[in-house]
Amino acid sequence: MVVPYKEEKSGKKEQVAKMFDNISHRYDFLNHFLSLGIDKGWRKKAIQYLKPFQPKQLLDVATGTGDFAIQALALNPEKIIGIDISAGMLEVGKRKIVDRHVSDRIELMLGDSENLPFEDGRFDAVTVAFGVRNFENLERGLREINRVLKPNGQLVVLEFSKPQKFPFRQVYNFYFKFVLPKIGRAISSDKAAYTYLPESVEAFPDGEKFLHILNIVGFKHAKCRTLTFGISSIYTGTK
Ligand SMILES: C[S@@+](CC[C@H](N)C(=O)[O-])C[C@H]1O[C@@H](n2cnc3c(N)ncnc32)[C@H](O)[C@@H]1O
């Protein structure tokens with residue numbers, strides 16, 4: 001299992017929460033800077049997928065600083081709940097929600113995707129952006145998401161993937177493994193975080209493998225759509 005702090009004995013969940021707490025004050029800046037702003041378009045596209053379903057009750061798992069939850073306002077839902085295990089990330093997100101005057105529609109709370117504090121069938125849709133790769137137990141997290149969805153509820157997952165084709169694969173590998181960790185380390189002051197990023201993407205079962213896992217945990221019509229030469233993918237499924 002890939003963890004941020006290899007010398008520590010604690011489990012992945014604890015280490016991931018600690019890492020995101022450490023980088024929370026720099027997360028938004030680094031996200032947009034290191035992706036050259038492309039992540040904004042990816043989020044928009046992923047949320048757009050839900051438009052025809054007009055979800056009213058939405059859950060954003062691994063919400064972090066709330067960017068995906070804020071993007072989901074475009075769907076005009078009644079309520080968006082964002083949940084995350086990092087109090088530091090949520091703190092930054094809460095400030096953004098107050099500044100944007102949307103506290104009546106978005107609520108952020110501390111909680112674990114592998115043990116969601118909601119009753120069965122509570123949500124019309126669940127979204128996860130760049131979160132599933134960080135779950136300690138991927139299948140357990142996805143089963144929990146399936147449980148809290150209504151029958152025919154929609155899942156949208158946005159996650160990094162590995163470009164397959166020449167020369168994108170080579171350019172991406174160079175940037176992701178050599179350039180990005182150096183910049184991330186210098187700006188975020190967490191030495192491990194931006195080494196963990198490429199390592200966790202490498203270890204993540206992307207593409208067909210992830211679709212297979214979605215099927216195993218109970219999602220129907222699981223589909224994958226790659227973005228920007230396969231650097232990122234949108235996965236969708238129906239309960
Ligand atoms: C890369 S950030 C993504 C944040 C946000 N969704 C975005 O798009 O910017 C990953 C987030 O997943 C959270 N996370 C990891 N494991 C989790 C779990 N088991 N339950 C809830 N959140 C989790 C981390 O704390 C972190 O805030």
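Select His101. In this predicted model, His101 is exposed, because just 8 other C-beta atoms lie within 10 Å and the cut-off for exposed is 12 or fewer. The residue sits in the loop between helix 4 and strand 3 (106–110). Check its backbone: phi of His101 is near 55 degrees, a positive value in a residue other than glycine.

Next, go to Thr228. Its phi is near 40 degrees, again positive in a residue other than glycine. Find Thr228 in the loop between strand 6 (220–227) and strand 7 (232–238). Is Thr228 buried, exposed or partly exposed? With 15 other C-beta atoms within 10 Å, Thr228 is partly exposed.

One more backbone stop. Select Phe166 and Pro167. A cis peptide bond joins Phe166 and Pro167, with omega about 0 degrees. Pro167 belongs to the loop between strand 5 (149–160) and helix 6 (168–188).

Now show helix 1 and helix 4 (residues 87–99). Their axes come within 7 Å and cross at roughly 30 degrees. Angles under 35 degrees count as roughly parallel, so helix 1 and helix 4 are roughly parallel to each other. Colour the contact residues. Helix 1 brings Phe20, Asp21, Ser24, His25, Tyr27 and Asp28. Helix 4 brings Ala87, Gly88, Met89, Glu91 and Val92. By class, the residues of this contact divide into five nonpolar, three polar and three charged.

Step to Ile85. Ile85 lies in the loop between strand 2 and helix 4. Ile85 is buried, because 24 other C-beta atoms lie within 10 Å and the cut-off for buried is 20 or more. Which residues touch Ile85, leaving aside neighbours within four places in sequence? They are Lys13, Ala17 and Asp112. Draw a distance from Ile85 to Lys13. The two are 72 residues apart in sequence, yet 8.2 Å apart in space, C-alpha to C-alpha.

Turn to the ligand. Display the 25 residues around the ligand. Ala62, Gly64, Ser86, Ser113 and Ala129 come nearest. Which element gives the most to this shell? Helix 1 does, with five residues. Helix 1 (12–34), helix 3 (67–71) and strand 2 (79–84) each supply at least two residues of the shell. Colour the shell by class: twelve residues are nonpolar, eight polar and five charged.

Now the interior. Select the largest nonpolar core, a set of 59 residues. Leu59, Val126, Val156 and Leu158 touch the most other members. Centre on Val156. Not counting residues up to four places away in sequence, Val156 touches Ala46, Tyr49, Leu50, Ala125, Thr127, Ile234 and Thr236.

Follow one of those contacts to Ala125. Ala125 lies in strand 4 (residues 123–129). It is buried, with 26 other C-beta atoms within 10 Å. Again not counting residues up to four places away in sequence, Ala125 touches Leu50, Phe53, Pro55, Leu58, Gly153, Gln154 and Val156. Keep Leu50 on screen: it appears in the contact list of Val156 and in that of Ala125. Finish with a distance from Ala125 to Asn152. Their C-alpha atoms are separated by 9.2 Å, with these positions 27 residues apart along the chain counted as the separation in sequence.

Notes:
Residues are numbered from 1 along each chain as its sequence is written. This is a predicted model: local features need pLDDT of at least 70, side-chain atom pairs count only at pLDDT 80 or more; totals for chains, interfaces and linings use all residues. A residue is near a molecule or strand if its C-beta atom, placed from the backbone, lies within 6 Å of it. Helices (H or I, at least four residues) and strands (E, at least two) are DSSP runs, numbered from the N terminus. Ala, Val, Leu, Ile, Met, Phe, Trp, Tyr, Cys and Pro count as nonpolar, Asp, Glu, Lys and Arg as charged, and the others, Gly among them, as polar. A nonpolar core is a set of buried Ala, Val, Leu, Ile, Met, Phe, Trp, Tyr and Cys residues joined through C-beta atoms within 7 Å. Two residues are in contact if their C-beta atoms, placed from the backbone, lie within 7 Å. Axes are lines fitted to C-alpha atoms, for helices over the stretch in contact, and angles run from 0 to 180 degrees between N-to-C directions. Angles under 35 degrees count as roughly parallel, over 145 as roughly antiparallel, 65 to 115 as roughly perpendicular and the rest as oblique.
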